[in-house]
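Trainee: Could you walk me through this one? I'd like to know what stands behind each label we put on it.

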Amino acid sequence: MQEMSTTPIISAGSRSLMTTQDKSSTTGQPLSSGRQLSKPSVIPPPVKSRGSNPKNDVYLMRRIIAEDAEWSLAIVPLLTELCIQHIVKNFQNNPILNQLLPEHQQKVLNHLSPDLPLAVTANLIEDENYWRRCCVQRWPVCHVEDYGGRWKRMFFERHLENLLKHFIPGTTDPAVILDLLSLCRNYVRRIRVDQFLPPVRLPPPPRKGDQSDSGSEGEMEESAMDHYQLRDLVAGLSQLEELDLVYGVKDCGMNFEWNLFLFTYRDCHSLAATVKACHTLKIFRLTRSKVDDEKARILIRSLLDHPALEELDLSHNLIGDRGVRAAAKLLSHSRLRVLNLANNQDGGKQLLEGMSDNRTLLEFDLRLSDVAQESEYLIGQALCANREAARQRALNPSHFMSPLTAKGPENPVG
């Protein structure tokens with residue numbers, strides 16, 4: 001019986017290979033064996049969805065589907081790039097920078113984290129772009145023009161000021177500040193601190209039968225309220241030119257106590273010794289710190305014959321006639337050019353301007369009580385003794401009156 005040859009059905013658009021048996025069956029030649037041909041499998045055509053464009057599907061267009069999602073046909077990175085990545089990754093443990101070429105140094109600096117320890121970066125990195133990133137990450141507002149246009153100086157000054165503002169005597173380790181000296185001594189030119197925290201001390205338990213609220217203000221002995229002493233810190237800053245201090249506490253809220261704003265005698269003596277030993281200091285400001293006559297005399301005595309001091313600001317304190325007498329003596333024993341004693345001790349305001357032989361303007365802004373006339377005379381005598389010719393002298397009599405009763409631009413009613 002002649003075997004019937006079967007022809008496989010091939011769908012349009014699909015391709016298939018025919019076997020030798022298929023070819024022999026189509027020519028009508030008998031097969032060597034009596035087996036029947038098996039029906040070949042039919043490959044269905046790919047289903048095309050309407051509206052789909054294969055070119056838009058990257059997965060369908062790729063010839064190789066890699067397990068790594070980041071795999072690409074890009075070339076292997078250069079050896080220098082791999083080395084730079086390794087240096088950046090291990091910079092904290094093995095800082096390598098000065099040995100690199102300038103273009104490689106810049107690549108390393110651009111990828112370094114601003115959170116690296118200062119012990120690693122302070123004396124090694126001078127790039128201003130790196131310190132700019134450190135400042136911008138830490139503080140939302142950065143006025144670099146107030147720091148001579150130097151980002152590195154801005155970072156270390158503000159970092160040191162932040163440590164001083166939050167230093168608690170008896171609780172914070174002084175090494176936190178002193179260990180920073182070796183890193184910032186060449187960059188800090190100004191210290192501006194607007195608060196000094198007092199020591200933490202629990203109030204004593206109330207006595208039996210004492211129902212008065214006289215102790216509600218948290219009164220303590222003055223010796224127990226001494227603040228951080230700046231002497232060791234300032235002595236280690238070889239470039240320091242300006243010291244701007246306020247002894248008080250900010251944002252105390254419901255914990256307000258008058259002792260939080262106390263400038264103690266120990267603070268005064270320590271600060272006087274500090275400014276006397278700092279021969280590079282040009283500007284000294286101590287405002288809003290309850291400095292009275294006695295403390296002002298202690299401070300001014302330490303400034304006599306100071307080699308560099310040009311500006312002294314003791315405004316918004318409690319200085320009276322005795323303090324002004326000391327200031328008048330300071331004029332003839334220093335290089336002082338600006339003296340500001342505004343808003344002191346209940347009195348009015350005195351403005352005295354003079355021109356010396358070299359046309360240097362002297363400014364004195366005083367607010368004194370009923371001794372303003374005598375203080376004016378003392379300062380005028382000191383000016384004439386210290387400088388041969390005081391070219392101009394302008395006084396406004398209304399400034400000597402009380403701010404509450406004076407009739408002028410600030411108080412037209414009187």
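**Labels and their cut-offs**

Mentor: Start with the overall picture: of the contacts in the protein with a separation of 6 or more, 70% are between residues 24 or more positions apart, where contact means heavy atoms within 4.5 Å. This is a predicted model, in which local features need pLDDT of at least 70 and side-chain atom pairs count only at pLDDT 80 or more, while totals for chains, interfaces and linings use all residues. Residues are numbered from 1 along each chain as its sequence is written, and side-chain values use heavy atoms, with hydrogens and water left out.

Trainee: What makes something a helix or a strand here, and how many of each are there in the protein?

Mentor: Both are DSSP runs, numbered from the N terminus: H or I over at least four residues for a helix, E over at least two for a strand. The protein has 14 helices and seven strands.

Trainee: Why is Phe284 called buried or exposed?

Mentor: Buried is under 20% relative accessible area, exposed is over 50%, and partly exposed is in between (1.4 Å probe, protein chains only). Phe284 has 0% relative accessibility, so Phe284 is buried. Phe284 sits in strand β3 (residues 283-286), and its contacts, not counting residues up to four places away in sequence, include Leu243, Leu271, Val275 and Leu303. Cys184 is also at 0%, and therefore buried. In the protein, 37% of the 414 residues are buried.

Trainee: And which label does Thr171 get, buried or exposed?

Mentor: Thr171 has a relative accessible area of 55%, so Thr171 is exposed. Thr171 is in the loop between α7 and α8. Its C-alpha is 7.7 Å from that of Val200, with their positions 29 residues apart along the chain.

Trainee: How do you know that the length of α7 is close to what's expected?

Mentor: The expected span is 1.5 Å times one less than the number of residues. Helix α7 (residues 151-165) has 15 residues and runs 21 Å from first C-alpha to last, close to the expected 21 Å.

Trainee: What makes α7 "mostly covered"?

Mentor: Eleven of the 15 residues in α7 are buried, among them Trp151, Met154, Phe155 and Leu164. The cover over those buried residues includes α5 (118-121), α6 (128-138) and β1 (190-193).

Trainee: Why are α12 and α13 called roughly parallel?

Mentor: Axes are lines fitted to C-alpha atoms, for helices over the stretch in contact, and angles run from 0 to 180 degrees between N-to-C directions. Under 35 degrees is roughly parallel, over 145 roughly antiparallel, 65 to 115 roughly perpendicular, and the rest oblique. Helix α12 (residues 293-303) and helix α13 (residues 321-331) pack at about 10°, axes 8 Å apart, and are therefore roughly parallel.

Trainee: Which residues of α12 and α13 meet?

Mentor: Ala296, Ile300 and Leu303 are among those on the α12 side, and Ala326, Ala327 and Leu330 are among those in α13. α12 itself is mostly covered, with eight of its eleven residues buried. Those buried residues pack against α11 (265-277), β3, β4 (311-313) and α13.

Trainee: How do you know how many disulfides there are?

Mentor: A disulfide is a pair of cysteine sulfur atoms within 2.5 Å, and the count by that rule is zero. Take Cys142: the nearest cysteine sulfur, that of Cys135, is 5.4 Å away, and Cys142 is in no disulfide.
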